Amino acid sequence: MHHVRHGPGRLLYDLRFPALGVVLIAFGFVLARIPSARRGTQAENKGGRP
């Protein structure tokens, strides 16, 4: 197994690194579900691609 950091507290680093990835992925899903009108862009399609 590849360790993120060697030495004292190695297990903590090994567990926090993938946990951060899970948090970032969850945050991305939340952002993707926010309607475009709430993100500051216009929700209307003005003849362009959706």
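The protein chain contains one helix and zero strands. The model is a predicted one. Of the 50 residues in the chain, 4% are buried. The accessible surface of the chain comes to about 4,900 Å². Carbon and sulfur atoms account for 65% of that surface.

The helix, α1, covers residues 10-33 and holds 24 residues. Its length can be checked against its residue count. At 1.5 Å a residue, a helix of 24 residues should span 34 Å. The end C-alpha atoms of α1 lie 36 Å apart, so the two values agree. Helix α1 is hardly covered by the rest of the chain. Among its 24 residues, the count of buried residues is one.

Aromatic side chains were examined next. A search of the whole structure finds zero aromatic pairs. A charged residue does, however, sit over a ring: Arg16 lies over the face of Tyr13. The distance from Arg16 to the ring centre of Tyr13 is 4.9 Å.

Two residues of the segment before α1 were then followed, beginning with Val4. Val4 belongs to this segment. Its relative accessible area is 41%. Buried means under 20% and exposed means over 50%. Val4 is therefore classed as partly exposed. Leaving aside residues up to four places away in sequence, Val4 touches Tyr13, Asp14 and Phe17. Tyr13 is thus a contact of Val4, and the ring of Tyr13 also has Arg16 over its face. Val4 and Asp14 are ten residues apart in sequence. In space, their C-alpha atoms are 5.8 Å apart.

His2 also has its place in the segment before α1. The relative accessible area of His2 is 70%, so this residue is exposed. His2 and Asp14 are twelve residues apart in sequence. Their C-alpha atoms are 8.9 Å apart in space. Asp14 therefore appears in both comparisons, at 5.8 Å from Val4 and at 8.9 Å from His2.

Terms used:
Residues are numbered from 1 along each chain as its sequence is written. This is a predicted model: local features need pLDDT of at least 70, side-chain atom pairs count only at pLDDT 80 or more; totals for chains, interfaces and linings use all residues. Side-chain values use heavy atoms; hydrogens and water are left out. Helices (H or I, at least four residues) and strands (E, at least two) are DSSP runs, numbered from the N terminus. Buried means under 20% relative accessible area, exposed over 50%, partly exposed in between (1.4 Å probe, protein chains only). Accessible areas come from the Shrake-Rupley method with a 1.4 Å probe; for residues, only the protein chains shown count as cover. The expected span of a helix is 1.5 Å times one less than its number of residues. Rings of Phe, Tyr and Trp (its six-membered ring) pair if their centres lie within 6.5 Å; planes under 30 degrees apart count as stacked, over 60 as edge-to-face and the rest as tilted. A charge sits over a ring if NZ of Lys or CZ of Arg is within 6 Å of the ring centre and within 35 degrees of the ring normal. Contact means heavy atoms within 4.5 Å.
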